[in-house]
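Me: I would like to understand the reasons behind the words used for a protein model, and not only the words themselves. Could we take the labels one at a time and set each value against its rule?

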Amino acid sequence: MIIGKVRRHRRRGATAVETAMVLLPLLTLLFGIFEYGRLLMDWNLLNNAAREGCRYALANNTNTAINTNVQGIVTNYMAGRDTSFTSFTVTVSGTHAGVSTPVNNLAPGDMITVKVSGNYQFMNIIPLVSMPSLFSLNSSVTMICEGGT
């Protein structure tokens, strides 16, 4: 009877070690999937925010405060997720006959471009794996102006 007790206690230690060896790669994989999903969610949100900003710029390109308004539209559409980015910038530009033109001076058929960019910050929750500190994400949407001066 004493021999059975000793073996059982030794086995408990081996089970704990085996569990730790299995859980570490499993948790690394699980947190990696979570972090990648978060990156794709924020990237998709960045693309949609740029598209909404460009739609607003198309409809209101004669407004004198278009750059500020588009910045506000994009930031509102990001719904607070812009805090995952450093150097978050929104740029509105226009092109007339291949030449860069202020958005307020565009004519029908000219191009309006809204570019949203920033450096994405990972959460670094994956055990034993170092993630890059910053990852640059950009989204640029170009649409044809239907109205203007």
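Me: How do you know that the span of helix α2 agrees with its number of residues?

Reply: This is a predicted model, and the check is made on its C-alpha atoms. Helix α2 covers residues 66–78, which makes 13 residues, and at 1.5 Å a residue it should span 18 Å. The rule multiplies 1.5 Å by one less than the number of residues. The end C-alpha atoms of α2 are 18 Å apart, so the value agrees with the expectation.

Me: What makes the buried residues of α2 line one face of the helix?

Reply: The buried residues of α2 are I66, V70, V74 and M78. Looking down the axis of α2, one finds these buried residues within an arc of 105°, and therefore they line one face. On the face turned away from that buried side, α2 carries the exposed residues T68 and N76, where exposed means over 50% relative accessible area.

Me: What is the phi of A79, just after α2?

Reply: A79 takes a positive phi, with a value of about 55°.

Me: Why is strand β3 called largely enclosed by the rest of the structure?

Reply: Strand β3 runs over residues 111–120, and 7 of its 10 residues are buried, so the strand is largely enclosed by the rest of the structure. One residue in β3 is T113, which has a relative accessibility of 15% and therefore counts as buried, since the limit for that word is under 20%. The side chain of T113 also makes a polar contact with the side chain of T142, at 3.0 Å, and this value can be set against a limit of 3.5 Å.

Me: How do you know that β3 pairs with β1 and with β4?

Reply: Two strands pair if at least two bridges are found between them. Strand β1 (residues 85–96) is joined to β3 by 9 bridges, and the two run antiparallel; here T86 stands opposite N119 in β3. Strand β4 (residues 135–144) is joined to β3 by 10 bridges, again in an antiparallel arrangement, and K115 stands opposite S140 in β4. Both counts satisfy the rule of at least two, so both pairings hold.

Me: Why is the contact between R38 and E35 called a salt bridge?

Reply: Side chains of opposite charge can pair when their charged atoms come close. The rule asks for a side-chain nitrogen of Lys or Arg within 4 Å of a carboxyl oxygen of Asp or Glu. In R38 and E35 the closest N and O atoms are 2.9 Å apart, so the pair meets the rule. These two residues are 3 residues apart in helix α1 (residues 2–59), and are therefore separated by about one helical turn. R38, at 13% relative accessibility, counts as buried, and E35 counts as buried at 1%.

Me: What makes the salt bridge of D42 and R81 a tie between parts of the chain?

Reply: The side chains of D42 and R81 meet at 2.9 Å, N to O. D42 lies in helix α1, while R81 lies in the loop between α2 and β1, so the pair ties together parts that are 39 residues apart in sequence. D42 is buried, with a relative accessible area of 0%, whereas R81, with 24%, is partly exposed.

Me: How many salt bridges does the structure hold?

Reply: The structure holds 3 salt bridges. Among them is that of R55 with E52, whose closest N and O atoms are 2.7 Å apart.

Me: Why is the ring pair of F85 and F88 called tilted?

Reply: A pair of aromatic rings is described by the distance of the centres and the angle of the planes. The count comes to 4 aromatic pairs. In one of them, F85 and F88 have ring centres 5.9 Å apart and planes at 45°, so the pair is tilted, because stacked would need an angle under 30 degrees and edge-to-face one over 60. The rings of Y120 and F122 have centres 5.2 Å apart and planes at 90°, so this pair is edge-to-face. F85 and F88 are both buried, as are Y120 and F122. Ring pairs link F85, F88, Y120, F122 and F135 into a cluster.

Technical notes: Residues numbered from 1 in each chain as written. Predicted model: local features only at pLDDT ≥ 70, side-chain atom pairs only at ≥ 80, totals over all residues. Heavy atoms only, no water. Helix = DSSP H or I, 4+ residues; strand = E, 2+ residues; numbered from the N terminus. Buried < 20%, exposed > 50% of the residue type's maximum accessible area, 1.4 Å probe, protein only. Arc of directions from axis to C-beta. Phe/Tyr/Trp six-rings, centres within 6.5 Å; stacked < 30°, edge-to-face > 60°. Polar contact = N/O pair within 3.5 Å; in protein donor to acceptor, adjacent residues only side chain to side chain.
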